[in-house]
Amino acid sequence: MELFWEYTRRGQKLVLKSEEDGEEEMIGGVRETKNGFDAFAKTFTMTPERAQKGIDTMESAKEFVESFRPWELFLGPGDARPEAEVREAE
């Protein structure tokens with residue numbers, strides 16, 4: 001599995017990609033708005049605390065998303081971390 005941030009038109013998304021079949025799952029995201037950055041971490045239930053609006057910086061918003069470790073929903077507990085470099089969209 002690959003775990004990485006990828007640029008989008010107005011921000012970045014956190015992606016979990018299967019090395020076997022190339023399938024991608026967006027598991028979090030950050031979007032720039034006029035009031036700062038909006039961030040969310042994926043969950044399988046309605047969990048409002050996994051989303052926040054008006055974060056001051058992109059890095060703080062990404063830290064918010066990563067703090068929930070949304071990749072563990074798919075991989076289980078472990079030492080996985082997103083790649084340091086942000087990828088360009090394919």
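## Exposure classes and the model

Buried means under 20% relative accessible area, exposed means over 50%, and partly exposed is what falls in between. By that yardstick R81 is partly exposed, because its relative accessible area is 46%. Keep in mind that this is a predicted model.

## Overall layout

The chain has two helices and five strands, and reading along the sequence gives the pattern β-β-β-β-β-α-α. The radius of gyration is 13 Å, close to the 12 Å that the globule rule gives for 90 residues, so the chain is as compact as a globular protein of that length. If you want a box for it, the C-alpha atoms fill roughly 40 × 30 × 20 Å along the principal axes.

Of the 90 residues, 36% count as buried. The accessible surface comes to about 5800 Å², with 47% of it belonging to carbon and sulfur atoms. As for contacts, take those with a separation of 6 or more: residues 24 or more positions apart account for 38% of them.

## Helix 1 and its cover

Which residues of helix 1 are buried? They are M58, A61, K62, F64, V65 and E66. An α-helix has 3.6 residues a turn, so residues three or four places apart point the same way. The cover over the buried residues of helix 1 includes strand 1, strand 2 (11–17), strand 3 (24–33), strand 4 and strand 5.

E66 is one of the buried residues in that helix, and its relative accessible area is 16%. With the cut-off at under 20%, that value is why E66 counts as buried.

## R50, a buried arginine

R50 sits in the loop between strand 4 (36–41) and strand 5 (51–55). Its relative accessible area is 15%, so R50 is buried. What about a salt bridge for R50? There isn't one: the nearest side chain of opposite charge belongs to E49, and that is 6.1 Å away. The cut-off for a salt bridge is 4 Å, nitrogen to carboxyl oxygen.

What the R50 side chain does reach is the backbone oxygen of K42, at 2.9 Å. Setting aside neighbours within four places in sequence, R50 is in contact with A39, F40, A41, K42, T43, F64, F68 and P70. Among these contacts, F64 is also on the list of buried residues in helix 1.

R81, back from the opening paragraph, is another arginine to set beside R50. The two are 31 residues apart in sequence and 18 Å apart in space, C-alpha to C-alpha.

## Salt bridges

How many salt bridges does the structure hold? The count is nine. One of them joins R81 to E66, with the closest N and O atoms 3.2 Å apart. R81 lies in the segment after helix 2 and E66 in helix 1 (residues 58–67), so this pair ties together parts that are 15 residues apart in sequence. In terms of exposure, the bridge has a partly exposed end at R81, at 46%, and a buried end at E66, at 16%.

Another bridge runs between E2 and R87, whose closest N and O atoms are 2.5 Å apart. This pair links distant parts of the chain: E2 is in strand 1 (residues 2–7), R87 is in the segment after helix 2 (72–75), and 85 residues separate them. R87 is partly exposed, with a relative accessible area of 22%. The E2 and R87 pair also belongs to a wider arrangement, since E2, E83 and R87 are linked in a network of salt bridges.

## R69 and the turn between the helices

R69 follows helix 1 and lies in the loop between helix 1 and helix 2. What is its phi like? It is positive, at about 50°, although R69 is not a glycine.

The R69 side chain meets that of E72 in a salt bridge, 2.7 Å from N to O. Both ends are partly exposed: R69 has a relative accessible area of 23%, while E72 comes in at 27%.

Notes:
Residues are numbered from 1 along each chain as its sequence is written. This is a predicted model: local features need pLDDT of at least 70, side-chain atom pairs count only at pLDDT 80 or more; totals for chains, interfaces and linings use all residues. Side-chain values use heavy atoms; hydrogens and water are left out. Helices (H or I, at least four residues) and strands (E, at least two) are DSSP runs, numbered from the N terminus. Buried means under 20% relative accessible area, exposed over 50%, partly exposed in between (1.4 Å probe, protein chains only). Lys and Arg count as positive and Asp and Glu as negative; His and the chain ends are not counted. A polar contact is a pair of N or O atoms within 3.5 Å; within protein, one must be able to donate a hydrogen and the other to accept it, and residues adjacent in sequence count only if both atoms are side-chain atoms. Contact means heavy atoms within 4.5 Å. The radius of gyration is taken over C-alpha atoms; the globule rule is 2.2 Å times the number of residues to the power 0.38. Accessible areas come from the Shrake-Rupley method with a 1.4 Å probe; for residues, only the protein chains shown count as cover.
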